[in-house]
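Trainee: Could you take one part of this model and walk me through it slowly? I'd like to see how a single piece sits among its neighbours.

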Amino acid sequence: MLKITKKVEYALIAMRHLKERPEDLVPVSEISNLYGIPRELLAKTMQQLASKNIVKSVKGPRGGYRATLQ
């Protein structure tokens, strides 16, 4: 049986959510609230995905994340 860590599970959930809204910038708080994921852990996970160019990060009050892989 394949075991994955919570961080990997959260990353997969976030990626699925971003794929459902390809044109929108999605804030971490939206994903965190929808799926009950701890915000700080998700934020760090998303930063790691951004550093690997898996997601695009936009900073600022109206910022968020967008999937780069289609």
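Mentor: Sure, let's take helix α2, and start on its outward face: Asn33 and Leu34 are exposed there. Keep in mind that this is a predicted model.

Now turn to the other side. Helix α2 covers residues 28-35, and its buried residues are Val28, Ile31 and Ser32. These three cover an arc of only 100 degrees around the axis, which puts them on the same side of α2. So what do they pack against? The buried residues of α2 meet α1 (6-20), α3 (39-51) and β2 (64-67).

Let's look at the two helix partners in turn. In general, a pair of packed helices is described by the angle between their axes and the distance between the axes.

Take α3 to begin with. Its axis and that of α2 are 9 Å apart, and the two helices pack at an angle of about 130 degrees. An angle of 65 to 115 degrees would count as roughly perpendicular and one over 145 as roughly antiparallel, so α2 and α3 are oblique to each other. The crossing of α2 past α3 is right-handed. On the α2 side, the contact is made by Val28, Ser29, Ile31 and Ser32, and on the α3 side by Arg39, Leu42, Ala43 and Met46. Sort the residues of this contact by type and you get five nonpolar, two polar and one charged. Notice that Val28, Ile31 and Ser32, the buried residues of α2, turn up again in this contact with α3.

Now for α1. The axes of α1 and α2 come within 11 Å and cross at roughly 115 degrees. That makes α1 and α2 roughly perpendicular to each other. Here, too, the crossing is right-handed. From α1, the contact takes in Ile13, Ala14, Arg16, His17, Leu18 and Glu20, while α2 brings Glu30, Ile31, Leu34 and Tyr35. By type, the residues of the contact of α1 with α2 are six nonpolar, one polar and three charged.

Two residues are worth a second look. Ile31 is in the contact with α3 and also in the one with α1. Leu34 is exposed, yet Leu34 is in the contact with α1.

One last stop, where the helix ends: α2 is followed by Gly36, and the phi of Gly36 is positive, near 65 degrees.

Conventions. Residues numbered from 1 in each chain as written. Predicted model: local features only at pLDDT ≥ 70, side-chain atom pairs only at ≥ 80, totals over all residues. Heavy atoms only, no water. Buried < 20%, exposed > 50% of the residue type's maximum accessible area, 1.4 Å probe, protein only. Helix = DSSP H or I, 4+ residues; strand = E, 2+ residues; numbered from the N terminus. Arc of directions from axis to C-beta. Contact = heavy atoms within 4.5 Å. Axes fitted to C-alpha atoms, helices over the stretch in contact; angles between N-to-C directions. Parallel < 35°, antiparallel > 145°, perpendicular 65-115°, else oblique. Left-handed = near helix turned anticlockwise from the far one by under 90°. Nonpolar A, V, L, I, M, F, W, Y, C, P; charged D, E, K, R; others polar.
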